Amino acid sequence: MLFPKSEEAHNVVIEIGGLPIEVQTTDAGFERILRGRYRGYINAGAAPEFALRVQLTQPETFDADRDAEVWVEDREWRMERGDFRARWSPAQREGQVFQSANPYSIDSVLRIVHTLMLASQGGFLVHASSAVRNGKAFLFSGVSEAGKTTIARLAPSDVTLLTDETSYVRKVDWRYFAYGTPFAGEFGEPGANVSAPIAALYLLKKADENRIDALEPSVAVRRLLRNILFFAHQADMVRQVFESACAFVAAVPVFQLSFFPDQRVWDLIR
Amino acid sequence: MAATETYITQSPDIACSTLGDDTIIMSTLDSTIFVLNSVGTAIWQGADGATPLSRIVQDKVCLEFDVTGDEAMADAKEFVDELARHGILSVSSQPVSPGEVL
């Protein structure tokens, strides 16, 4: 518990990808924002891996034009963007976030923290929609406008959507699993909080017909790396992400999915 | 007068993985990616700083890929220059001790 006893805590444990993080605040309004934003991912019964204490400040405290930067200083991760400033110590199992009372800043901090955690375990966050069908997870990756949300919208009723924007990939005992995330794109809705082993990664390309083509591993790695979220540019982090992408491509089939945007594309995804 | 030998060494500022026949190399300095085919991979694997490029070409390229020495050497020099320009390989006229970074 980071707060002194005189302050009332409104803490929320948010568990994404099997990693519970306690977000600590003394502001009841911000707690309500968190509970709304992360509905389906609140797990009050989970023992948090670490805590992030949020200190609410006025928006004008920050340099609004500043792009996200992540670096190591005094054995802590430091993160700054135009709307927040944060530090996180994996060794101390705690961190602190300065931001205004909005859901977007803490969302970005959580994404960054998860990418840092996953990198050391062979996993990653990737710009991709993902879904579970017949007990298998499928990822649909691409840059903006590639069709991630379109594929998700076209999913038939037997498909469980994990996210339409940011997929969560974890390596567990040499297998890769996709987890649902609350990190939504145009849908604006959190994905289902479930996980499944990944059967394939499809790199999206809009076309006049539906077709699946195999990709050379080197092409798959290049294209996957373009879509993996990573914020820290230290050499060891870059190396970890690269090695994670290569190991993923060696273990999981990667295809190009050319698709015409109607529901027939899902006939190919089983 | 003997021709000057060339020695090549893999940069420490890279990450590298072999998938299928290809070797994929990424610069950890600027995230640039290079994909080497099987001939490039043979030269890359020989880039230990101690073996002359001419020997790498002779032993790893000419023998394994059935090409003539002059042709292979010209292509290898071009390949090495390209990787050196991006900091993926370092080039020296002297052998490089293990751990020594140029």
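Leaving aside its neighbours within four places in sequence, with which residues is B:Ser11 in contact? The tour comes to that selection after an overview of the two chains, and throughout it should be kept in mind that the model is predicted.

**Chain A as a whole**

Begin by selecting chain A and colouring it by secondary structure, which brings up five helices and 15 strands. The radius of gyration of chain A is 19 Å, close to the 18 Å that the globule rule gives for 270 residues, so chain A is as compact as a globular protein of that length. If you orient the view along the principal axes, the C-alpha trace of chain A spans about 60 × 40 × 40 Å.

Switching to a surface representation, you are looking at about 12100 Å² of accessible area for chain A, with 47% of that area belonging to carbon and sulfur atoms. Of the 270 residues in this chain, 53% count as buried. A contact map restricted to separations of 6 or more would show that residues 24 or more positions apart account for 66% of the contacts in chain A. Colouring by charge picks out 30 positive and 34 negative side chains in chain A, and the centres of these two sets lie 5 Å apart.

**Strand 2 of chain A**

Next select A:Leu19, which lies in strand 2 of chain A, a strand covering residues 19-24. This leucine is buried, its relative accessible area being 8%. With neighbours within four places in sequence left aside, the contacts of A:Leu19 are A:Ile14, A:Glu49, A:His114, A:Met117 and A:Tyr168. A distance label drawn from A:Leu19 to A:Ala47, C-alpha to C-alpha, should read 9.5 Å, for a pair that is 28 residues apart in sequence.

**Two loops with positive phi**

Most residues other than glycine have a negative phi, and the next two selections depart from that pattern. Go to A:Asp74, in the loop between strand 4 (69-73) and strand 5 (76-81) of chain A, where phi is near 50°. The aspartate is exposed, with 64% relative accessible area.

Then move to A:Trp174, which sits in the loop between strand 11 (166-172) and strand 12 (175-179) of chain A. Its phi is positive as well, at about 70°, although the residue is not a glycine. Buried or exposed, where does this tryptophan side chain belong by its residue's relative accessible area? At 73%, A:Trp174 counts as exposed.

**Cysteines**

Selecting the cysteines of both chains and looking for sulfur-sulfur bonds gives an empty result, since the structure holds zero disulfides over all chains. A:Cys246 is in no disulfide, and the nearest cysteine sulfur, which belongs to B:Cys16, is 8.6 Å away. A:Cys246 is buried, at 3% relative accessible area, and B:Cys62 also counts as buried, at 10% relative accessibility.

**Chain B as a whole**

Now hide chain A and display chain B, which has three helices and six strands. Followed along the sequence, these elements appear in the pattern β-β-β-β-α-β-α-α-β. A compact globule of 102 residues would have a radius of gyration near 13 Å, and chain B agrees with this at 13 Å. Along the principal axes, the C-alpha atoms of chain B fill a box of roughly 40 × 30 × 20 Å.

Chain B exposes about 5600 Å², of which carbon and sulfur atoms supply 48%, and buried residues make up 41% of its 102 residues. Its charges comprise 4 positive and 16 negative, with mean positions 5 Å apart.

**Three stops in chain B**

Select B:Ser11, in the loop between strand 1 (7-10) and strand 2 (14-19) of chain B. To settle the opening question, B:Ser11 is in contact with B:Gly87, B:Ile88 and B:Leu89, neighbours within four places in sequence being left aside. The serine counts as buried at 10% relative accessibility, and its C-alpha atom is separated by 14 Å from that of B:Ala50, 39 residues apart along the chain.

Step back to B:Thr9, in strand 1 of chain B, which is buried with a relative accessible area of 13%. Residues up to four places away in sequence not being counted, B:Thr9 touches B:Ala47, B:Gly49, B:Ile88, B:Leu89, B:Ser90 and B:Val96.

Finish at B:Lys77 in helix 3 of chain B, residues 69-85, which is partly exposed, with 44% relative accessible area. The C-alpha atoms of B:Lys77 and B:Thr6 are separated by 9.2 Å, although their places lie 71 residues apart along the chain as a difference in position.

Terms used:
Residues numbered from 1 in each chain as written. Chains lettered and ligands numbered in written order. Predicted model: local features only at pLDDT ≥ 70, side-chain atom pairs only at ≥ 80, totals over all residues. Heavy atoms only, no water. Helix = DSSP H or I, 4+ residues; strand = E, 2+ residues; numbered from the N terminus. Rg over C-alpha atoms; globule rule 2.2 N^0.38 Å. Buried < 20%, exposed > 50% of the residue type's maximum accessible area, 1.4 Å probe, protein only. Contact = heavy atoms within 4.5 Å. Areas by Shrake-Rupley, 256 points an atom, 1.4 Å probe, with all protein chains shown as cover. Lys, Arg positive; Asp, Glu negative; His and termini not counted. Charge placed at Lys NZ, Arg CZ, Asp CG, Glu CD. Disulfide = S-S within 2.5 Å.
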